[in-house]
Amino acid sequence: MISLGSKAPEFLLPEVRTSDRIGLYDVLGDKALLVMFLSKHCPYVQRIAGQIKPLSEDYIPKGIRMIGISSNDPVAYPEDSPEEMAKLASELDWRFPLLFDSTQEVAKAFHAACTPDFFLFDHKGALVYRGQMDDARPHNDEPNNGHSLRSAFDAILAAQPIPAPQLPSLGCSIKWK
């Protein structure tokens with residue numbers, strides 16, 4: 001796992017809907033940047049995907065920037081191709097960049113383990129949170145309300161320490177080539 005306090009890895013990746021190339025310094029925010037490793041096929045992502053838009057609507061206006069990155073091998077998992085990820089982002093009305101990591105080098109640099117996987121960096125690019133969105137899983141009835149990320153966002157906005165414990169994200173492993 002990447003250690004808390006680590007600097008955000010640099011990247012330059014295409015956005016799946018526009019093909020614009022977006023890098024770290026294009027998205028590093030005034031307050032913080034949330035980097036989400038996402039896929040379309042994974043039931044863990046499917047369980048929480050609908051909460052991503054409300055989360056972004058609540059916190060982007062407050063200075064939390066967000067991006068999604070898809071790093072799965074699209075040959076083995078065609079549902080995770082840039083075209084399919086673009087459809088997903090459009091269907092769910094995600095209003096943040098969704099990038100495609102064709103070489104998987106960015107996922108490796110972040111030490112991303114699964115989809116979903118969440119990394120929150122402060123305005124200086126230092127990792128302050130790595131973990132779950134909330135306790136919702138495909139086979140439980142826990143509410144999908146984003147409470148773990150919301151607590152981290154609220155702490156950043158209040159210039160307070162991120163609440164402990166930081167529980168790791170659970171999901172489908174990154175599908176390596």
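**Entry 1, the disulfide.** I looked up the cysteine pairing in this predicted model and found that Cys42 is joined to Cys172 by a disulfide, with an S to S distance of 2.4 Å. I noted one disulfide in the structure. I then read the torsion about the S-S bond, which is 85°, and recorded the link of Cys42 and Cys172 as right-handed. As for where the two ends lie, I placed Cys42 in the loop between strand S3 (32–37) and helix H2 (43–59) and Cys172 in strand S9 (residues 172–173), so that the pair, 130 residues apart, links distant parts of the chain. I checked burial as well, and both Cys42 and Cys172 are buried.

**Entry 2, Cys114.** Why does Cys114 have no bond to the closest cysteine sulfur? I found that sulfur in Cys42, 7.7 Å from the sulfur of Cys114, which is too far because a disulfide requires the sulfur atoms to be within 2.5 Å. I also wrote down a relative accessibility of 7% for Cys114, which therefore counts as buried.

**Entry 3, Asp80.** I turned next to Asp80, which I located in the loop between strand S4 (64–70) and helix H3 (82–91). Asp80 is buried yet has no salt bridge, and I found the nearest side chain of opposite charge, Lys175, 7.6 Å away. What does the side chain of Asp80 reach? I traced it to the backbone nitrogen of Lys40, at 2.7 Å. Leaving aside neighbours within four places in sequence, I listed the contacts of Asp80 as Ser39, Lys40, His41, Ser70, Asn72, Pro74, Met85 and Phe100.

How values were computed
Residues are numbered from 1 along each chain as its sequence is written. This is a predicted model: local features need pLDDT of at least 70, side-chain atom pairs count only at pLDDT 80 or more; totals for chains, interfaces and linings use all residues. Side-chain values use heavy atoms; hydrogens and water are left out. Helices (H or I, at least four residues) and strands (E, at least two) are DSSP runs, numbered from the N terminus. Buried means under 20% relative accessible area, exposed over 50%, partly exposed in between (1.4 Å probe, protein chains only). Lys and Arg count as positive and Asp and Glu as negative; His and the chain ends are not counted. A salt bridge is a side-chain nitrogen of Lys or Arg within 4 Å of a carboxyl oxygen of Asp or Glu. A polar contact is a pair of N or O atoms within 3.5 Å; within protein, one must be able to donate a hydrogen and the other to accept it, and residues adjacent in sequence count only if both atoms are side-chain atoms. Contact means heavy atoms within 4.5 Å.
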